[in-house]
Every structure is written in structure tokens, then in C-alpha cells.
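These are my notebook entries from a session with the model below. I wrote them in the order in which I looked things up.

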2 protein chains.
Amino acid sequence: MQHFNNQQIQELEKRYRTNLINSLSGFKSANLVGTSNNEGLTNLAIFSSAVHIGAAPPLMSIISRPDSVTRHTLENIIATEKFTINHVNVDIYKQAHQTSARYQNISEFDATQLTPEFLNDFEAPFVKEANIKIGLSLAEIIPIKLNNTKMIIGKVEWIIIPKESIEHDGKINLESAGTIAISGLDTYHKTQQIERLPYAKSYQ
Amino acid sequence: MQHFNNQQIQELEKRYRTNLINSLSGFKSANLVGTSNNEGLTNLAIFSSAVHIGAAPPLMSIISRPDSVTRHTLENIIATEKFTINHVNVDIYKQAHQTSARYQNISEFDATQLTPEFLNDFEAPFVKEANIKIGLSLAEIIPIKLNNTKMIIGKVEWIIIPKESIEHDGKINLESAGTIAISGLDTYHKTQQIERLPYAKSYQ
């Protein structure tokens with residue numbers, strides 16, 4: 001086993017450290033976040049930080065980094081208070097990854113040939129090629145002062161999902177929808193269900 | 001396609017809604033969080049909310065729910081300012097899931113027959129059966145007032161990992177370490193790498 005302490009982590013070559021630390025949390029969700037600015041220019045950015053915050057009210061969060069290519073996402077969410085989360089699937093992961101390039105004066109939708117889709121009069125663009133799409137309204141932006149990132153929390157306003165991917169009790173069968181996972185900064189994985197386990201009881 | 005709006009989501013049967021909303025973020029990391037109280041009684045709880053917050057300093061977060069079986073985890077982290085994150089692997093996912101049962105007066109380590117391991121004089125217990133283990137010190141607890149949850153941010157103090165699972169540039173090969181993913185509340189998945197993509201450039 002390799003042991004790294006905090007001093008050794010700090011002294012790692014920058015790219016090595018970035019790869020290592022970005023892999024530490026385990027498998028991550030792969031999502032495209034769609035936004036528009038007030039002039040209607042769309043933006044699309046891949047995020048691996050979406051997490052469940054609560055079911056009632058239905059809340060999800062993403063982490064926004066400072067001065068990065070996702071800066072427009074944050075600005076658009078502040079301006080319009082709307083965004084979409086679209087699951088990356090096996091057919092679009094290369095285009096999804098390409099949204100992380102530094103584009104200016106062109107929408108990542110156009111640059112990557114993904115299609116903005118406006119549904120149910122929701123103001124932010126969904127990704128037509130995604131199978132699971134979520135429309136959210138901004139609920140809160142929480143600054144994380146430790147490293148100048150921001151936690152963006154959205155309230156789920158719309159869920160759009162293939163009927164056949166919803167199991168009898170509401171659980172989504174992500175594999176049937178083609179949803180994939182990320183590790184580190186750049187590695188994409190398909191999955192295979194091992195087992196769905198029953199609610200755990202203690203028998204005390 | 002099935003479309004749910006916010007009113008329809010709110011009116012879903014509670015268990016159905018919980019399953020649906022817990023599936024929305026996509027695949028989630030599967031981690032066991034190890035803690036001790038000031039008397040040395042250990043606690044172990046499964047979390048699917050660990051995310052990367054930053055690489056320099058190395059920061060990770062988990063979301064703690066109020067009045068849940070993970071309440072002891074939060075109390076112990078506040079008391080000792082130390083916790084561990086241990087990747088769930090294919091050999092221990094049933095025991096990992098079982099830590100979500102409501103135990104009192106017994107450590108989840110004992111209840112599930114996972115083994116607390118104290119390494120490098122770090123104060124919180126690692127999970128011996130895990131292959132990737134991270135020791136963290138409490139950096140900040142951020143209250144999320146919207147639903148009374150808390151974001152617990154830890155600074156990475158130790159990384160313990162099989163040498164052969166680290167690629168030449170620092171990326172962890174999670175599959176070689178047996179790490180698995182979660183969907184929803186209760187479903188475990190192994191993964192298969194599709195592709196590692198190069199850093200995206202815009203060629204503008």
C-alpha cells in the first residue's frame with residue numbers, strides 16, 4: 001500500500017496531485033448543465049459534482065469553480081435563476097467531455113453539435129440527446145470560502161425521463177437510460193448492476 | 001417520455017418520490033465514513049454524497065441529513081474533528097449497506113463485522129476491508145438552511161491506496177481497486193471503463 005500524508009500530497013507535481021485528488025471520492029455522476037444568458041445565448045458544461053440534497057423539497061447541488069470554463073454557467077444561473085441537468089449517456093460522452101474546452105463567443109451546444117431543446121416553457125435549454133433531463137430553479141448559492149468555490153443548489157421543477165426507465169417504486173434504472181459515470185477528470189465508465197438491496201434493519 | 005412538474009412531484013407517494021429524487025443525480029460514489037466519539041466508541045455509516053471540492057488544498061465534502069442514522073457521524077466529527085472515507089468495494093457492499101440500519105449502543109463495525117483499523121496515529125478508524133482509505137480533518141461545516149442538512153468539508157490528511165491502482169499521472173484506477181458505484185438509495189453497480197479522454201481543447 002502507498003501512504004501519502006498531507007505534506008507529501010502538497011509536494012506532488014501539480015497535475016499528478018490534481019488527478020489523484022479528483023479520483024478520491026470514487027465514481028461520480030456525469031451531467032451536462034444547460035443555461036442561457038439574458039440575451040438567450042446558450043451555454044453547456046459538464047459537471048461531475050451533482051449530488052442529491054433532499055427529496056422534499058427536491059433539491060440537487062453542483063459545485064462551481066472560480067475562474068474556470070464553468071464561469072458562464074454560474075453567471076447565467078445568477079442572471080436567469082434557471083438551469084438544467086442532463087445525464088450524459090454512452091452516445092454523447094465525447095461531446096459532453098468536449099464542452100470542458102475553453103470556448104468564447106460560441107455556445108458549447110454549437111461547438112459540440114449537441115442540440116438545445118426548450119420544453120414545457122422552461123427558460124433554460126435541455127440537451128435533446130440526453131435521455132434523463134431535469135429542470136431546476138436556483139434555490140441558493142453557498143460560497144465555500146476555503147477555496148473560493150460555490151455550491152449551487154437548485155429546486156427540481158421538471159423531470160423528463162423515459163417511462164420504461166422508472167421502476168414500479170420510483171427508482172430510476174439508470175442503465176436502461178444509458179447513463180454513465182465518471183472517474184477523475186476524464187474517464188468514462190458504463191455500469192452493470194450487482195444487486196438492489198432491501199432497506200437495512202438492525203434486528204436489535 | 002414521462003414529464004413530471006413540481007406540483008406532480010410534490011403529490012407523488014412519499015416512498016416513490018424519495019426513490020425517484022434520489023436517482024436523479026446519476027451514479028453516486030459509495031463510501032463508508034468512519035468516526036469515533038471522545039470515548040473511543042467507533043461509528044461507521046455509508047454515504048453516497050462524497051464529492052471533490054478542490055485539489056489544492058485537497059478538500060472533499062459529504063452531506064449530513066438531520067435526525068437520521070448518520071447523526072452520530074456528524075456528532076463525532078464535531079467532537080473529534082477527524083473522519084475517514086473508505087471506498088466500498090465488491091466484497092463488502094452488503095456490509096456497507098447494512099451500516100444504514102438504525103443501531104444503538106453497538107458500533108456498526110461490530111454489527112456488520114467490518115474491522116476498524118487505526119493507521120499512522122490517525123484518530124478516526126479506517127475500514128480494514130476497504131482498498132482505498134482517506135483520512136480527513138474537519139475544515140468546515142456549512143449549514144444548508146433550505147432543508148436542515150449540513151455540508152461537512154474535510155481536508156485530506158492521509159491517502160492509503162494500493163500502489164498498483166495509481167496510474168503514471170496520479171489518476172486512480174478505481175476498477176482495479178474494486179470500487180463500486182451506487183444509484184438511488186440501495187442499488188450497487190460495478191463499472192467498466194469506456195475510455196479515458198484527453199484534455200479538451202477548443203481549437204479556436
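I began with D121(A), which I found in the loop between β8 (116-117) and β9 (126-127) of chain A. Although D121(A) is not a glycine, its phi is positive, at about 60°. I then asked whether D121(A) is buried or exposed. It counts as exposed, because D121(A) has 6 C-beta neighbours inside 10 Å.

In chain B I looked up N120(B), which lies in the loop between β8 (116-117) and β9 (126-127) of that chain. Its phi is near 55°, again a positive value in a residue other than glycine, and N120(B) is exposed, with 11 other C-beta atoms within 10 Å. I noted both angles since most residues other than glycine have a negative phi, and most peptide bonds are trans.

That led me to the peptide bonds, where I recorded a cis bond from A56(A) to P57(A), with omega near 0°; P57(A) sits in the loop between β5 and β6 of chain A. In chain B, a cis peptide bond joins A56(B) and P57(B), with omega about 0°, and P57(B) is in the loop between β5 and β6 of chain B.

Before going further I checked how far to trust the coordinates, as this is a predicted model. The mean pLDDT of chain A is 96, and 99% of its residues reach 70 or more, while the predictor gives the complex an ipTM of 0.97 and a pTM of 0.97.

Next I turned to the relation between the chains. A rotation of 180° with 0.0 Å of shift along its axis superposes chain B on chain A, with an RMSD of 0.0 Å. That is the relation of a two-fold axis. Which residue of chain B comes closest to the rotation axis? It is T191(B), whose C-alpha lies at 2.1 Å.

I then followed T191 into the sheet, where the bridge partner of T191(A) in β13(B) is T191(B). The strands β13(A) and β13(B) run antiparallel and are joined by 9 bridges. They belong to an open sheet of 6 strands with antiparallel pairing, in the order β2(A)-β12(A)-β13(A)-β13(B)-β12(B)-β2(B). At its edges stand β2 (28-29) of chain A and β2 (28-29) of chain B, each with a single partner strand, so one side of each is left without a neighbour in the sheet.

For the interface as a whole, I noted that 95 residues of chain B are in contact with 95 residues of chain A. On the side of chain B that touches chain A, strand β13 (residues 187-196) of chain B gives the most, with 10 residues. By class, that side has 46 nonpolar, 34 polar and 15 charged residues. The copies meet through the same surface, because 100% of the interface residues of chain B are also interface residues in chain A.

A second pairing between chains involves strand β1 (residues 2-5) of chain A and strand β11 (residues 149-161) of chain B, which are antiparallel over 4 bridges; there N5(A) stands opposite W158(B).

I looked at helix α2 (residues 14-23) of chain A, in which T18(A), N19(A), L20(A), I21(A), N22(A) and S23(A) are buried. These buried residues pack against β12 of chain A together with β5 (51-55), β6 (58-64) and β11 of chain B.

G184(A), in the loop between β12 (181-183) and β13 (187-196) of chain A, is 164 residues from L20(A) in sequence but 7.5 Å from it in space, C-alpha to C-alpha. Leaving out residues up to four places away in sequence, G184(A) touches N19(A), N22(A), S23(A), K171(B) and I172(B). G184(A) counts as buried because it has 24 C-beta neighbours inside 10 Å.

In the largest nonpolar core, of 110 residues, M60(A), I159(A), M60(B) and I159(B) touch the most other members. Beyond its neighbours within four places in sequence, M60(B) is in contact with residues including L24(A), S25(A), I85(B) and L136(B).

My last entry concerns strand β7 (residues 82-87) of chain A, where 6 of 6 residues are buried. One face carries K82(A), T84(A) and N86(A), the other F83(A), I85(A) and H87(A), and both are covered. Strand β3 (residues 31-36) of chain A joins β7(A) through 4 antiparallel bridges, with L32(A) opposite N86(A). Strand β10 (residues 133-144) of chain A is joined to β7(A) by 5 bridges, also antiparallel, and I134(A) is the bridge partner of I85(A).

Note on methods: Residues are numbered from 1 along each chain as its sequence is written. Chains are lettered from A and ligands numbered from 1 in the order in which they are written. This is a predicted model: local features need pLDDT of at least 70, side-chain atom pairs count only at pLDDT 80 or more; totals for chains, interfaces and linings use all residues. A residue is buried if 20 or more other C-beta atoms lie within 10 Å of its own, exposed if 12 or fewer, and partly exposed in between; C-beta atoms are placed from the backbone. Helices (H or I, at least four residues) and strands (E, at least two) are DSSP runs, numbered from the N terminus. Two strands pair if DSSP finds at least two bridges between them. Two residues are in contact if their C-beta atoms, placed from the backbone, lie within 7 Å. Ala, Val, Leu, Ile, Met, Phe, Trp, Tyr, Cys and Pro count as nonpolar, Asp, Glu, Lys and Arg as charged, and the others, Gly among them, as polar. A nonpolar core is a set of buried Ala, Val, Leu, Ile, Met, Phe, Trp, Tyr and Cys residues joined through C-beta atoms within 7 Å. Copies are superposed by least squares on the C-alpha atoms of residues with pLDDT of at least 70 in both. pLDDT is the predictor's confidence in each residue, from 0 to 100.
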